[in-house]
Amino acid sequence: MRLFAGRVAPIAAEVVRVLVAAGDIETESQKEVQADVEAVLRSYLAAERDVNDRTKELLERTGRSMNEFGRVRTQIADSKGIKVGDEMLDYLLDQVVQIFHHSAHVEEIYVEDVELRRKMATVFKKHMALDNEIDAEVRAQLKHVSEGSRTWEVEYTRVLEQVKRKKGVS
């Protein structure tokens, strides 16, 4: 599962809309709460980008193979206190629940954290399903390029934009 920057605003808007409509949270300004959720997601994307950059740098500096990218990436992410890969969704849900508890814009939370997580997970998965489909199509076109290399980054970005345009989500 991947979180793309272009999906941050729609995810945040729907999460807040669903929780407010269900009466799970109370707020005077849905826009402000949405901005809080967007900030969490954008912060995660920046941290993930930093982890990826550090991983590539470490592999290049030590002369190790890009086959070790996933394992080294997980270690670096753990050292930064974030989760990547399969654990990303749980990490993001925890972060959003925490921001609700600390936000000056959320007046009241009426349900348990586990209920908030369950409702938000549905929204995240819905939005990320399309992202998974797009990511899989891009990766299929880039089988000949070594993941994590500089060429991979350039080609992934180029092909990603092509696929997004084709699917009408750019």
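Select Glu57 to begin: with a relative accessibility of 47%, Glu57 counts as partly exposed, a class lying between buried (under 20% relative accessible area) and exposed (over 50%), computed with a 1.4 Å probe on protein chains only. The model is predicted, so local features need pLDDT of at least 70 and side-chain atom pairs count only at pLDDT 80 or more, while totals for chains, interfaces and linings use all residues. Residues are numbered from 1 along each chain as its sequence is written, and side-chain values use heavy atoms, with hydrogens and water left out.

Next, add Arg61, which counts as exposed at 57% relative accessibility and forms a salt bridge with Glu57, the closest N and O atoms being 3.2 Å apart; a salt bridge here is a side-chain nitrogen of Lys or Arg within 4 Å of a carboxyl oxygen of Asp or Glu. Both residues lie in helix α2 (residues 30-62), four residues apart, about one turn of the helix; helices are DSSP runs of H or I with at least four residues, numbered from the N terminus.

Now move to Lys126 and Glu14, whose closest N and O atoms are 2.6 Å apart in a salt bridge. Lys126 belongs to helix α5 (residues 113-141) and Glu14 to helix α1 (residues 8-21), so this pair ties together parts that are 112 residues apart in sequence. Glu14 counts as buried, at 13% relative accessibility.

Then select Lys83 and Asp78, whose side chains meet in a salt bridge at 3.5 Å, N to O; Lys83 is partly exposed at 31%, and Asp78 is partly exposed at 41%. Finally, select Asp24, Glu115, Arg118 and Lys119, which are joined into one network by salt bridges that share partners.

Methods. Helices (H or I, at least four residues) and strands (E, at least two) are DSSP runs, numbered from the N terminus.
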